Amino acid sequence: MLPAEDSAEAAAARAAVLALRRDSGMAVAGVAWVVDPRLLRIGETSGLRKTQGRRGFPVPAGTGLVGKVLTTRRLAAVTDYRAARQISHEYDSFITEEEVRAMVAAPVIVGTTVRAALFVGSREAVRLSDRVLTAVTAAARDLEQFLASHEHAHRLLSEARAVPSTPSPHDTTALKQVHAVHTELLDLTETIGEDHLKKRFHEVCSLLESGCCAERTSPRPAASLSPRELDVLAAVAGGCTNLDISDRLDIGLETVKGYLRSVMRKLGTSTRLEAVTAARRAGLLP
């Protein structure tokens with residue numbers, strides 16, 4: 001099932017699609033949501049000339065470029081869709097109708113689950129530049145972070161509402177987690193440009209505030225991060241991808257990932273965004 005058009009997920013996808021089209025400089029952009037382990041459906045789009053009936057259009061796993069992304073869980077690209085041999089061609093009539101030639105798609109993975117695929121296309125058979133590939137990767141990462149934070153907030157809120165009036169040590173830990181995600185969402189809200197999405201974030205924050213964040217818990221002691229770990233985390237806070245960090249700090253990609261795993265373990269977090277937020281609360285980052 002596709003997210004409701006007025007939902008936070010749909011608003012986040014709309015923002016990601018618009019940002020992707022702008023940052024890539026391509027003519028067409030969109031998102032397809034995974035509605036079944038073997039099926040996606042087209043959701044938000046921008047730049048299509050014949051949009052009627054496109055929303056909800058089914059794309060089985062493995063078919064076309066977008067369906068291939070669901071199967072491989074990796075970014076995929078073609079410079080001329082209709083002539084490409086590495087994809088199937090069930091959708092050539094749609095591609096021809098929209099005059100799309102070059103195209104790239106990337107999976108949106110939350111935890112270990114592919115939730116969606118972002119795609120962008122050109123009406124010319126062009127070489128896909130680093131600008132385009134970076135824009136797709138960044139848009140997918142941003143949507144992943146939003147979906148993960150949104151789901152985490154609602155899960156913790158449900159758990160917190162079940163906490164009795166005299167909480168056990170386990171329940172107290174759950175409440176501390178809710179406080180942490182509440183702060184994380186407030187920080188993330190300030191980075192959002194779309195008014196509708198910003199409003200939905202504030203609504204979630206308000207629910208957390210009224211439901212279980214009336215009394216603040218003491219902040220956890222600051223973790224000890226090495227200078228190199230701080231360099232890597234500061235780059236993440238600046239919006240860099242792992243590849244950007246590798247180039248900026250002149251270290252291998254696997255080394256970057258190793259530093260991030262160490263940082264998240266030390267800070268007790270499970271995502272890059274959570275690590276940045278925890279480090280800021282601890283005074284480790286500005």
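Which residues have the most contacts inside the largest nonpolar core? In this predicted model, they are Leu20, Leu118 and Val120, and the core they sit in has 28 residues. Several elements give two or more residues to this core: α1 (8-24), β1 (28-36), β5 (103-110), β6 (113-121) and α4 (130-161). Of these, α4 gives the most, with eight residues.

Take a closer look at leucine 118. Leaving aside neighbours within four places in sequence, leucine 118 is in contact with Val17, Leu20, Gly30, Val31, Val104, Ala105, Ala106, Val108, Ala139, Ala140 and Leu143. Apart from this core lies another one, of 24 residues, and Leu40, Val66, Ile87 and Val114 are among them.

**The chain as a whole**

Let's zoom out for a moment. The chain has ten helices and six strands. It is 286 residues long, and buried residues make up 46% of them. If you take the contacts with a separation of 6 or more, 59% come from residues 24 or more positions apart.

**A charged residue on the inside**

Now find glutamate 44, which lies in strand β2 (residues 39-46). Is glutamate 44 buried or exposed? Its relative accessibility is 11%, so glutamate 44 counts as buried. Its side chain is joined to that of arginine 55 by a polar contact of 3.4 Å. Not counting residues up to four places away in sequence, glutamate 44 touches Ala10, Ala13, Arg14, Val17, Gly30, Val31 and Arg55.

**Two helices that cross**

Next, turn to helix α8 (residues 242-249) and helix α9 (residues 253-267), whose axes come within 9 Å and cross at roughly 110 degrees. Angles of 65 to 115 degrees count as roughly perpendicular, and α8 and α9 are therefore roughly perpendicular to each other. On the α8 side, the contact is made by Asn242, Leu243, Ile245 and Ser246, while α9 brings in Leu253, Val256, Lys257 and Leu260. Sorted by class, this contact of α8 with α9 has five nonpolar, two polar and one charged residues.

**Positive phi in two loops**

Two residues that are not glycine have a positive phi here: arginine 73 and aspartate 250. You can look them up in this table.

| Residue | Phi | Loop | Relative accessibility |
|---|---|---|---|
| Arginine 73 | about 60 degrees | between α2 (64-72) and β4 (76-78) | 37%, partly exposed |
| Aspartate 250 | near 60 degrees | between α8 and α9 | 70%, exposed |

Notice that aspartate 250 is found in the loop between α8 and α9, the pair of helices you just met.

**A helix on the inside**

Finally, how many of the ten residues of helix α10 (residues 272-281) are buried? Eight of them are, so α10 is largely enclosed by the rest of the structure. The buried ones are Arg272, Leu273, Glu274, Ala275, Val276, Thr277, Ala278 and Ala279.

Both ends of this helix are worth a look. At the start of α10, a side-chain oxygen of threonine 271 reaches to within 3.1 Å of the backbone nitrogen of glutamate 274. After α10 comes glycine 283, with a positive phi near 80 degrees.

How values were computed
Residues are numbered from 1 along each chain as its sequence is written. Side-chain values use heavy atoms; hydrogens and water are left out. Buried means under 20% relative accessible area, exposed over 50%, partly exposed in between (1.4 Å probe, protein chains only). Helices (H or I, at least four residues) and strands (E, at least two) are DSSP runs, numbered from the N terminus. A polar contact is a pair of N or O atoms within 3.5 Å; within protein, one must be able to donate a hydrogen and the other to accept it, and residues adjacent in sequence count only if both atoms are side-chain atoms. A nonpolar core is a set of buried Ala, Val, Leu, Ile, Met, Phe, Trp, Tyr and Cys residues joined through side-chain atoms within 4.5 Å. Contact means heavy atoms within 4.5 Å. Axes are lines fitted to C-alpha atoms, for helices over the stretch in contact, and angles run from 0 to 180 degrees between N-to-C directions. Angles under 35 degrees count as roughly parallel, over 145 as roughly antiparallel, 65 to 115 as roughly perpendicular and the rest as oblique. Ala, Val, Leu, Ile, Met, Phe, Trp, Tyr, Cys and Pro count as nonpolar, Asp, Glu, Lys and Arg as charged, and the others, Gly among them, as polar.
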